[in-house]
Every structure is written in structure tokens, then in C-alpha cells.
Amino acid sequence: MMSLRELALLLSLTVALLSVAGFEPLVYKDCGGQKGKLLSVDVSPCPKQPCPLMRGSTYTINVTFSSGEDSTSSNALVYGILAGVPIPFHIPESDGCKSGISCPIKSGQMYTYITKMPIKQEYPCMKLVVRWKLQDEESNNLFCWDIPVHITDG
Ligand SMILES: *[C@@H]1O[C@H](CO)[C@@H](O)[C@H](O)[C@H]1NC(C)=O
């Protein structure tokens, strides 16, 4: 059997290897899905954290979640949170059913939501938190997450 010391060494080696290989998992905060469970969030490309978002570039968002209910529709709401105040952020396609989810959504099923996030040239360069919600037909959250980002020119 492995000793605690050996286990700790193995764990730290694994963490070191993962970070060298660039597989550092994206740190996100689950801000609550009353009607679903958030399973994974990916923003790509995001080579370091907070994710540097270049003005004029487009990023891919990939979220997996499981639904706790049936819903005919799903609608994404995106905010930039600045000093605690959420400011609505426009995305080109807010319909989740046109973003990789086959609707109607069924309770107990797992879904992959994939969409684009363009960073417009006119956005100010700053650090902020992006909050992304996907809501059902009754405006309850299927998922909600926050990630810190840095809007930049490089
Ligand atoms: C989205 O993320 C899931 C879970 O990590 C992964 O299995 C899937 O391949 C990803 N899809 C795309 C198109 O990147």
C-alpha cells in the first residue's frame, strides 16, 4: 500500500506535469443552477488565467451540464461584472437550442453548449468577471458560472 508521503509526492508530480503541459483547468465559480448541474466550462483559447481576451478576437465557449427538468427552450444571458455590477454583454446567438443543445431539453440528460464570444474592438481594456447563464422557459438557471477575464490588446 502507498504511504501518505508517497501519495503526496505523486499528487504534486501530477500537478506539476499538468501545469507544464498547459492543462491547467479553468478556474470558474458555479453561481447556481436551480434547474441543472454544471459539469465543465471551457474557454478557448485561454493559455493562462485570468483568460486574456484580445480585442477583435473571438473565443469559443464550451459548457457541459445536465438538466434537472424538461424545457422547450433555453436562452443565454451574459454579463460583464464590474465592481460588483452586472452589465449586459451582447452575444451573437443567445438561443441555446441553436448552440449545440438539441431541444426540447429533457430532465436527467447531459448537454454540451457551444457558442462564440466576440471581443469587440471598442470594449475597454480591463479586468472583469464574465457571468454566463443559460435559462429555461421560466427564466430559471440551467447553469450559471463566473470566470475572471482580462480584456487586452496583448
Ligand atoms: C466540450 O467539452 C467537453 C467536456 O470537456 C468535451 O468532451 C467536448 O469534446 C468539447 N467539445 C468541443 C467541440 O470542444
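Here are legends for close-up views of this predicted model.

**View A. The surroundings of the ligand.**
Look around the ligand and you will meet S40, N62, T64 and I114. Sorted by class, this shell holds 1 nonpolar and 3 polar residues, with no charged ones. N62 brings a polar side-chain atom to 2.5 Å from an oxygen atom of the ligand. On its own the ligand has 360 Å² of accessible area, and the protein covers 33% of that.

**View B. The disulfide of C31 and C144.**
The sulfur atoms of C31 and C144 sit 2.0 Å apart and form a disulfide. C31 belongs to the loop between β1 (29–30) and β2, while C144 is in strand β9, so the link ties together parts 113 residues apart in sequence. The S-S torsion of C31 and C144 is -95°, a left-handed link. The two ends are worth viewing in turn: C31 is partly exposed, at a relative accessible area of 23%, whereas C144 is buried at 1%.

**View C. The disulfide of C46 and C51, with a cis peptide bond at P45.**
C46 is joined to C51 by a disulfide, 2.0 Å from S to S. This link of C46 and C51 is left-handed too, with -90° about the S-S bond. C51 is buried, since its relative accessibility is 1% and the limit for buried is under 20%. Please also find P45, in the loop between β2 (36–44) and β3 (51–54). The peptide bond joining S44 and P45 is cis, with omega about 0°.

**View D. The disulfide of C97 and C103, with a cis peptide bond at P104.**
C97 and C103 form a disulfide with their sulfur atoms 2.0 Å apart. Its S-S torsion is about -80°, so the disulfide of C97 and C103 is left-handed. Both cysteines are partly exposed, C97 at 24% relative accessibility and C103 at 29%. From C103 the chain continues to P104 through a cis peptide bond, with omega near 5°. P104 lies in the loop between β6 (85–88) and β7 (110–118).

**View E. The disulfide pairing in the chain.**
For an overview, the count of disulfides is 3. With the bonded cysteines numbered in sequence order, they pair as 1-6, 2-3 and 4-5.

**View F. Positive phi at A83 and S139.**
Neither A83 nor S139 is a glycine, yet each has a positive phi. For A83 the angle is near 50°, and the residue sits in the loop between β5 (75–82) and β6. A83 is exposed, with 85% relative accessible area. For S139 phi is about 60°, and its place is the loop between β8 (126–135) and β9 (141–152).

How values were computed. Residues numbered from 1 in each chain as written. Predicted model: local features only at pLDDT ≥ 70, side-chain atom pairs only at ≥ 80, totals over all residues. Heavy atoms only, no water. Near = heavy atom within 4 Å. Polar contact = N/O pair within 3.5 Å; in protein donor to acceptor, adjacent residues only side chain to side chain. Areas by Shrake-Rupley, 256 points an atom, 1.4 Å probe, with all protein chains shown as cover. Nonpolar A, V, L, I, M, F, W, Y, C, P; charged D, E, K, R; others polar. Helix = DSSP H or I, 4+ residues; strand = E, 2+ residues; numbered from the N terminus. Buried < 20%, exposed > 50% of the residue type's maximum accessible area, 1.4 Å probe, protein only. Disulfide = S-S within 2.5 Å.
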